[in-house]
Amino acid sequence: MKASAFAYARATSVDNALELLGRHGDRAKVLSGGQSLMPAMNMRLISLDLIVDIGGLAELRGVELQGTILRIGALTRHVDLLKSPEILIAAPLLREAVAHIAHPAIRNRGTIGGSLAHADPAAELPACMLALEATMVVCGANGERRIAAADFFKGIFQTALAANELLVAVELPVVQNSSQHYFHEFARRRGDYAIAGLAAQALLDGSVFAELRMGFFGVGDRAVLAGAANKLVNAPVTPALLLSACEGLGAELDFQEDQQASAAMRRHLARVLFARCVAALLQRPELHINGGVV
Amino acid sequence: MTASVGISLRVNGEHIEAQVAPRLNLADFLREHLQLTGTHVGCEHGVCGACTVRVDGDIIRACLMLAVQADARLVETIEGLSDSGEIADLQAAFRERNALQCGYCTPAMLITAQDLLMQQGEPSREQIREHLSGNYCRCTGYQAIVDAVAATASLRNRA
């Protein structure tokens, strides 16, 4: 199908974009890479009065290391993340995750800001932001505000962004050298949206987790940090402890059902991911088998 | 409020000026305004890959880009790649191996395969499948397509 008619404005600056958004409220929408907005418009899931195209705002593009902070402009494309040497060093989890986003032609257009503002519950990047403790940098009429990733994602396609605000960048603390990550997702085919996925970042103190953040996606109505991971921090991980944490995860998350999978299947897959992640990070393959989920 | 917008771009080396409605996507612009019907329209929501073209050297979905977004860009379609001879060997390999049947996916399949071959001299079959994974073919079962791309890669390496 074709999109219904709308007016088009090419934003000349962030202020200009904010002014346009302020004037049209929720009848306007920001166009970044368009790889989620355009399908939704073509399928007539949304119709709008005005599209504000921010594609020309070069200041919103690019990856920059600022001391211990990695700043990624909202217009940075998935393919740019994939090729960025800064990402490889400062947030390797992100690089691994991005390879799972759709296909090359989509990654050449889709942007990190667009994906995060869209907040698809099955998208990879929101979960990565949770695991990496990202801060969202948001501009509005009253200036800039910063929102922790944990407070940003509110529900299906819902975020803390107001209709007259613009996500301009994300900031990530550079991961420590000894920090480790894990990423895996279950999808029907490569490039499809995940049925269940996990992006995790961990810090090990010997054989014990000093930090463990597990961002699940595709399981519920938004990307979510698993509280169950905290049970494994500062404690020797035994099969019994892992099993109990897995059970905690099964009770904690609000698993959704759709045409791809039942809630019970998602609960099972999330527990499999949880156990595999812990076994992989600790390099103890026996944990997944023993501590597991069967 | 939905007034048409003036755009100026290059398509297959040719300078184009046009007035387009904001809702018009690049695939429809190419097909209906420029009669470049080698760019096919399948699903119109970015899943099938039939509308793949090159913009500023990158492959993209022409159904997920507005014509107004192509302003000041360099667009290349299958007509351009074919006429310049850039993919003549790839097209020959597709013919030799029957890597097409109905042909609907073929222009985009060729553009996507060429994109891989430009990035990677000697891709594995796995890498070929991965790169073509966003392009649907409902006839061939992909085997012959992967064969044709692999054969072209090794021929180019020998040349």
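## Where the two domains meet

In this predicted model, eleven residues of domain 1 of chain B are in contact with ten residues of domain 2 of chain B. Look for strand β3 of chain B, residues 52-55: with three residues, it gives the most to the side of domain 1 that touches domain 2. What kinds of residues make up that side of domain 1? There are five nonpolar ones, five polar ones and one charged one.

To find your way around, note that domain 1 of chain B covers 5-77, while domain 2 of chain B covers 87-158. Their C-alpha centres lie 22 Å apart.

## The sheet

Now for the strands. Chain B has an open sheet of five strands, and going across it you meet them in the order β2-β1-β5-β3-β4, with mixed pairing. In general, strands of a sheet pair through backbone hydrogen bonds, and they can do so parallel or antiparallel.

Which strands stand at the edges? They are β2 (14-20) and β4 (58-61) of chain B; each has a single partner strand, so one side of each has no neighbour in the sheet. The sheet isn't flat-on from strand to strand either: on average, neighbours are turned by 40° against each other, direction ignored.

## Around β3 and β4

Let's zoom in on one pair. β3(B) and β4(B) run antiparallel to each other and pair over four bridges. If you'd like one to look up, Val55(B) has Asp58(B), in β4(B), as its bridge partner.

A helix joins in here too. Helix α4 of chain B, residues 106-119, packs on the sheet and touches β3 and β4 of chain B. The direction of α4 makes about 45° with that of β3(B).

Methods: Residues numbered from 1 in each chain as written. Chains lettered and ligands numbered in written order. Predicted model: local features only at pLDDT ≥ 70, side-chain atom pairs only at ≥ 80, totals over all residues. Domains from an automatic or database assignment. Contact = placed C-beta atoms within 7 Å. Helix = DSSP H or I, 4+ residues; strand = E, 2+ residues; numbered from the N terminus. Nonpolar A, V, L, I, M, F, W, Y, C, P; charged D, E, K, R; others polar. Pairing = 2+ DSSP bridges. Axes fitted to C-alpha atoms, helices over the stretch in contact; angles between N-to-C directions.
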